[in-house]
Amino acid sequence: MYVPSTVVTNDAFVKMGLDTTDEWITSRTGIEERRLVGRDEPTSELAVKAARRALQVADVHASDIDLIIVATCTPDQVMPSTASLVQDKLGAKRAGAFDLNAACAGFAYALNMGAAQIESRRAKRVMVIGADELSIYLDWKDRGTCILFGDGAGAVLLQSADTPGILTSTVGSDGSGAGLLNIRGGGSKYRVNGNGAGPNGTAKHRAPAGDQYLRMNGQQIFRWATQMMTEAAEQVMRESGLKPDQIDLFIPHQANLRIIEATARKLGLPPEKVFSNVSNYGNTSAASIPIALCEAIDAGQIEVGDNIVLTSFGAGLTWSALAVHWTQEIPTGGKSPWTPFRQQLDSRMAAVQSALKRQERRVRSTIDERLGREP
Ligand code: UT7
């Protein structure tokens, strides 16, 4: 996992003049602080840092990755995908790469897709990353949203194995709730450049003022989320034959402690089996589950043989849940002492190779132009 270094406490909102209190935010959400990105920290940077750590722990070369999936709703640019930027920065020469947008449920969706690639033998190693910077889209005057979100990234490396780790999974969507949580501006409907239809179009499609911000109906999302996270978790538990007392750890999307606690209660899970770090990071969207997973591992709350249930919800509306049987011993700090050095070398090499390729492309096109050669 990787989170930016800037910590913003609840009091910072009070100090900047927002009509709120630390007491309100803590009691209604469980959030005490969150991390926010700086100016030159696009989503791909967070994603690469998390992915490098995952490679280090797994002791795997970037060039051994077959596929990179970046779950994000805050990509660096509309195109190319953030995953392609990550692929280049990692030096993952053999990997295909694409972004997946299922908002906060993105990581669980991506885990599902990555596992399916391995199960169908189309890939042996899939890097699944959840990375988001929703702070970029927050309206700092909207107290109902700006206190909720934080930035970050988390990554896991999926590998083929004899014993399956992901037992069952489910994904779902209910687009009738699309208006409950959205960022409308910047897409093809509300255009940042104001283009109309075709070359003679008028600027009628420009996003109305304020539509570049995240907007949410918190109460409706709250009610739906508690119900949906519970139903999705129940489905994967039923399908994998796991009873509540066989679940060792429940890792729900970290959006609001009240949603997490209500879901756990409905599932009949005691508090000690429920992981939450929402107090430290707020809602980091697609990064929330992998960050929680990493911290649960660091805290010694996951051991080989454990059954884990992950469940998440997000804009769309979308939801996803997975039942996981943990099969892999996690070596702390990598298996070999040379791993960090090799990684540094790998990333330097990746940067050099990328620069050389760009240069080569420039030189080739200049030569072709001079010689009048068709591309
Ligand atoms: O990944 C998906 C992301 N979305 C979510 O997870 C959102 C789910 N929803 C929630 O977490 C909660 O609905 C919120 C935390 C957003 C709001 O909590 P709530 O307990 O549902 O509050 P509410 O919307 O019912 O508002 C109660 C009062 C209102 O004031 P009035 O109308 O009663 O005077 C709000 O204006 O609390 C007010 N309020 C605040 N007061 C102080 C809303 N935000 C704040 C705030 N500080 N930051």
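**Helix packing, sheets and ligand shell in a predicted model**

Helices α3 and α10 are oblique to each other. The structure described here is a predicted model. In this model, α3 and helix α10 (residues 339–371) pack at an angle of about 140°. Their axes lie 10 Å apart. An angle over 145 degrees would count as roughly antiparallel, so the pair is classed as oblique. The crossing of α3 past α10 is right-handed. On the α3 side, the contact uses R52, L55 and Q56. On the α10 side, T339, P340, Q343 and S347 take part. By class, the residues of this contact are two nonpolar, four polar and one charged.

Helix α3 (residues 43–58) also packs against helix α4 (residues 82–90). Here the angle is about 50° and the axes are 9 Å apart. That angle makes α3 oblique to α4. The crossing of these two helices is right-handed. From α3, the contact draws on T43, S44, A47, V48 and A51. From α4, T82, L85, V86, K89 and L90 contribute. The residues of the α3 contact with α4 comprise six nonpolar, three polar and one charged.

Two loops beside these helices hold backbone features of note. Most residues other than glycine have a negative phi, and most peptide bonds are trans. D59 is not a glycine, yet its phi is positive, at about 60°. This residue, D59, sits in the loop between α3 and β3. A cis peptide bond links M79 to P80, with omega about 0°. P80 belongs to the loop between β3 (67–71) and α4. Another cis bond runs from G316 to L317, with omega near -5°. L317 is placed in the loop between β11 and β12.

The strands β4, β3, β5 and β6 form an open sheet, in that order. Pairing within this four-stranded sheet is mixed. Its edges are β4 (96–100) and β6 (151–159), and each of these strands pairs on one side only. Neighbouring strands of the sheet are turned by 15° against each other on average, direction ignored. Strand β5 (residues 125–133) runs antiparallel to β6. Nine bridges join β5 and β6. Within this pairing, E133 stands opposite D151 in β6. Helix α9 (residues 288–298) lies across β5 and β6. The angle of α9 to β6 is about 70°.

An open sheet of four strands is also built from β7, β12, β11 and β10, in the order β7-β12-β11-β10. Its pairing is mixed. The edge strands are β7 (166–173) and β10 (249–252), and each pairs on one side only. From one strand to the next, the twist averages 10°. Edge strand β10 pairs with strand β11 (residues 307–314) in the parallel sense. Four bridges make up the pairing of β10 with β11. I251 stands opposite L310 in β11. Helix α5 (residues 106–119) lies across β7, β11 and β12 (318–325). The helix α5 runs at about 55° to β12. The cis bond from G316 to L317 thus involves a residue, L317, of the loop that links two strands of this sheet, β11 and β12.

The ligand has 19 residues around it. Of these, T20, C104, R143, G218 and A255 come nearest. Two elements, α2 (22–29) and α6 (218–240), give two or more residues to the shell. The most comes from α6, which supplies five residues. By class, the shell around the ligand holds nine nonpolar, eight polar and two charged residues.

Technical notes: Residues are numbered from 1 along each chain as its sequence is written. This is a predicted model: local features need pLDDT of at least 70, side-chain atom pairs count only at pLDDT 80 or more; totals for chains, interfaces and linings use all residues. Axes are lines fitted to C-alpha atoms, for helices over the stretch in contact, and angles run from 0 to 180 degrees between N-to-C directions. Angles under 35 degrees count as roughly parallel, over 145 as roughly antiparallel, 65 to 115 as roughly perpendicular and the rest as oblique. A crossing is left-handed if the near helix is turned anticlockwise from the far one by less than a right angle, and right-handed if clockwise. Two residues are in contact if their C-beta atoms, placed from the backbone, lie within 7 Å. Ala, Val, Leu, Ile, Met, Phe, Trp, Tyr, Cys and Pro count as nonpolar, Asp, Glu, Lys and Arg as charged, and the others, Gly among them, as polar. A residue is near a molecule or strand if its C-beta atom, placed from the backbone, lies within 6 Å of it. Two strands pair if DSSP finds at least two bridges between them.
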